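User: I have a model open and I'd like to learn how to read its packing, its backbone oddities and one of its pockets. Can you walk me through it?

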Amino acid sequence: MAFHGADGEPVDLISRLCLGLLDDAGESVPVDLEVLASFRNAYVDYSEQEQPETIHWDGRNFRIRVRNADTLGRQRFSCAHAIVHTWFFESSGHGLEGSNTEQCWSEGEEDLCDLGAAALLLPEAAFRAACPADVTIDDILRLASEFQASAESTALRAVALSETPLAMAVLEMKLKPSEHKTLASRRSHPALPGMEGPTITPRLRVVKSFGQGLGFLPRHKSVGDGTPLASVLEHGGVDYVGEIGIVPGTYRVSARNLRVRRGGELIDRVVALIAPYG
């Protein structure tokens with residue numbers, strides 16, 4: 001399932017399941033995730049590990065383990081993400097005994113779990129009351145603090161509940177898949193001096209996006225070099241009306257570089273809100 005829009009049965013189903021779980025557990029803000037987990041027959045532990053979260057069925061309960069080196073907001077998102085995975089676990093054809101989500105999940109399932117995690121962390125009624133209509137990334141950071149959620153999940157929730165066209169995009173400095181193949185080919189078949197071909201360098205690209213009433217923002221598409229969005233790493237953030245280079249058109253853009261730790265290193269990771277203008 002493509003994750004570029006909020007229409008469709010899988011998204012609606014996840015929303016209903018999350019709403020039901022919040023109702024069963026008794027909604028409060030910030031949401032007590034360990035209470036939610038208990039209603040899914042799951043226990044939560046925090047440990048040193050490579051993955052943000054893992055989930056395992058021990059024969060009686062789900063065991064969720066969350067990476068303790070992450071920020072509080074990221075830990076809570078990972079925990080909520082794993083809670084949503086329990087529904088996929090139960091509905092899979094593989095059964096529960098001995099199952100472990102260290103296996104690969106599909107992109108569609110991962111995207112749905114992201115959406116569900118945002119719904120659990122940011123209950124609709126409370127979030128609508130706190131989120132302004134013309135939301136900016138500064139609003140997102142404030143709301144993330146209030147709800148003890150990650151900035152990405154808060155931006156995702158703002159888009160999912162928006163009554164006007166809006167999208168969020170996460171961008172990182174990346175090569176596109178075809179460029180990885182080209183570099184691998186060059187390493188295995190070195191060219192003669194002077195015939196190496198053009199230099200290939202990472203560019204700021206879409207790694208994740210979600211839109212409500214807005215066109216699809218293609219994964220791996222790079223930001224336009226001449227746009228203000230291309231300077232977000234230099235300035236730390238941008239707010240402007242103009243082009244983005246990812247898709248044609250004029251947009252109201254609010255973006256911040258919210259660096260994350262990955263493999264012991266800080267990585268540039270931009271979260272942007274994008275709304276059509278005019």
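Analyst: We'll go through helix packing, then the backbone, then a pocket. This is a predicted model, in which local features need pLDDT of at least 70 and side-chain atom pairs count only at pLDDT 80 or more, while totals for chains, interfaces and linings use all residues. Residues are numbered from 1 along each chain as its sequence is written, and side-chain values use heavy atoms, with hydrogens and water left out.

User: How do I describe two packed helices?

Analyst: Two packed helices are described by the angle between their axes and the distance between the axes. Axes here are lines fitted to C-alpha atoms, for helices over the stretch in contact, and angles run from 0 to 180 degrees between N-to-C directions. Helices (H or I, at least four residues) and strands (E, at least two) are DSSP runs, numbered from the N terminus. Take H4 and H7: their axes lie 9 Å apart, at an angle of about 90 degrees. That makes H4 roughly perpendicular to H7 (angles under 35 degrees count as roughly parallel, over 145 as roughly antiparallel, 65 to 115 as roughly perpendicular and the rest as oblique).

User: Which residues of H4 and H7 meet there?

Analyst: From H4, Asp114, Leu115, Ala118, Ala119 and Leu121 meet Ser153, Leu156, Arg157 and Ala160 of H7; contact means heavy atoms within 4.5 Å. By class, that contact has six nonpolar, one polar and two charged residues. Ala, Val, Leu, Ile, Met, Phe, Trp, Tyr, Cys and Pro count as nonpolar, Asp, Glu, Lys and Arg as charged, and the others, Gly among them, as polar.

User: And how do H6 and H7 cross?

Analyst: The axes of H6 (residues 137-147) and H7 come within 9 Å and cross at roughly 110 degrees. That makes H6 roughly perpendicular to H7. The crossing of H6 past H7 is right-handed (left-handed if the near helix is turned anticlockwise from the far one by less than a right angle, right-handed if clockwise). Ile140, Leu141, Leu143 and Ala144 of H6 meet Ala151, Thr154, Ala155 and Ala158 of H7, a contact with seven nonpolar, one polar and no charged residues.

User: What does the contact of H1 with H3 look like by class?

Analyst: Eight nonpolar, no polar and no charged residues make up that one. Ile14, Leu17, Cys18 and Leu21 of H1 meet Ile83, Val84, Trp87 and Phe88 of H3. The axes of H1 and H3 (residues 72-91) come within 11 Å, crossing at roughly 115 degrees, and H1 passes H3 in a right-handed crossing.

User: Where should I look for backbone oddities?

Analyst: Most residues other than glycine have a negative phi, and most peptide bonds are trans. Here, a cis peptide bond joins valine 29 and proline 30, with omega about -5 degrees. Proline 30 sits in the loop between H1 and H2 (33-39). Asparagine 41 has a positive phi of about 60 degrees although it is not a glycine, and its place is the loop between H2 and strand E1 (42-47).

User: How is a pocket defined, and which residues lie nearest the centre of the second largest pocket?

Analyst: On a 1 Å grid over the protein atoms alone, a pocket is an open set of points where a 1.4 Å probe fits, with protein on both sides within 12 Å along at least five of seven lines; lining residues have an atom within 4 Å of a point. The second largest pocket is lined by 18 residues, with Ser15, Ala119, Glu124, Arg157 and Leu161 nearest its centre. H1 gives the largest share of that lining, seven residues.
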